[in-house]
Amino acid sequence: MERSFDAAGQGATAFNRKLIEIAQRNLNSGFDYAKSLAGAKTLAEFVELQSSYIRNQFEVFAGQATEIQELTKKIATDTSGPLKDQMTKSFETVRKAS
């Protein structure tokens, strides 16, 4: 149980760090986007920058969702692994005693 709780705590820390990292990247991207819009000289350039940013953000968000999904799977595996191992050992001990 202790190893599972330790893994859960480490997983929560890793998850929070990942969310902060993603938020920072998104914030930086937003500022870069705002700067590029401020430099647009024509309406057509403004619209093209906007369209490009939106397309790119859909791809970025999909990638970020994948990152979070993979991290969540790892946390679940790391957290449940020690419990699974202990249960297997306990059942094996009971089976041998029978």
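Colleague: Which residues does glutamine 50 touch, leaving aside those up to four places away in sequence?

Modeller: In this predicted model, glutamine 50 touches Tyr33 and Leu37. A contact needs heavy atoms within 4.5 Å. Glutamine 50 itself is found in helix α2, while Tyr33 and Leu37 are listed among the buried residues of α1.

Colleague: Why is glutamine 50 called partly exposed?

Modeller: Its relative accessibility is 33%. Buried means under 20% and exposed means over 50%, so glutamine 50, at 33%, counts as partly exposed.

Colleague: How far is glutamine 50 from threonine 79 in sequence and in space?

Modeller: The two are 29 residues apart in sequence, and their C-alpha atoms are 42 Å apart.

Colleague: Why is valine 47 called partly exposed?

Modeller: Valine 47 has a relative accessible area of 40%. The class between buried and exposed runs from 20% to 50%, therefore valine 47 is partly exposed. Its place is in helix α2, residues 43-97.

Colleague: What makes valine 47 eligible for a surface patch?

Modeller: A patch residue needs over 30% relative accessible area and no salt bridge, and nonpolar side chains are joined within 5 Å. Valine 47, at 40%, is over that area limit. Together with Leu43 and Phe46, Val47 forms a nonpolar patch on the surface, with about 280 Å² of accessible area for the three.

Colleague: How do you know that the length of helix α1 agrees with its residue count?

Modeller: Helix α1 covers residues 2-38, which is 37 residues. The expected span is 1.5 Å times one less than the number of residues, so α1 should span 54 Å. The end C-alpha atoms are 54 Å apart, and the two values agree.

Colleague: Which residues of α1 are buried, and what covers them?

Modeller: The buried residues are Ser4, Ala7, Gly11, Lys18, Ile22, Ser29, Tyr33 and Leu37. Their cover includes α2. The secondary structure of the chain comes to two helices and zero strands.

Colleague: How do you know that the chain is not a compact globule?

Modeller: For 98 residues, a compact globule would have a radius of gyration near 13 Å, but this chain has 23 Å. The C-alpha atoms fill a box of roughly 80 × 20 × 5 Å along the principal axes. Of the 98 residues, 14% count as buried.

Colleague: What share of the contacts between residues at least 6 apart joins residues at least 24 apart?

Modeller: That share is 70%.

Technical notes:
Residues are numbered from 1 along each chain as its sequence is written. Side-chain values use heavy atoms; hydrogens and water are left out. Patches are made of residues with over 30% relative accessible area and no salt bridge: like charges are joined within 9 Å, nonpolar side chains (Val, Leu, Ile, Met, Phe, Trp, Tyr) within 5 Å. Accessible areas come from the Shrake-Rupley method with a 1.4 Å probe; for residues, only the protein chains shown count as cover. A salt bridge is a side-chain nitrogen of Lys or Arg within 4 Å of a carboxyl oxygen of Asp or Glu. Helices (H or I, at least four residues) and strands (E, at least two) are DSSP runs, numbered from the N terminus. Buried means under 20% relative accessible area, exposed over 50%, partly exposed in between (1.4 Å probe, protein chains only). The radius of gyration is taken over C-alpha atoms; the globule rule is 2.2 Å times the number of residues to the power 0.38.
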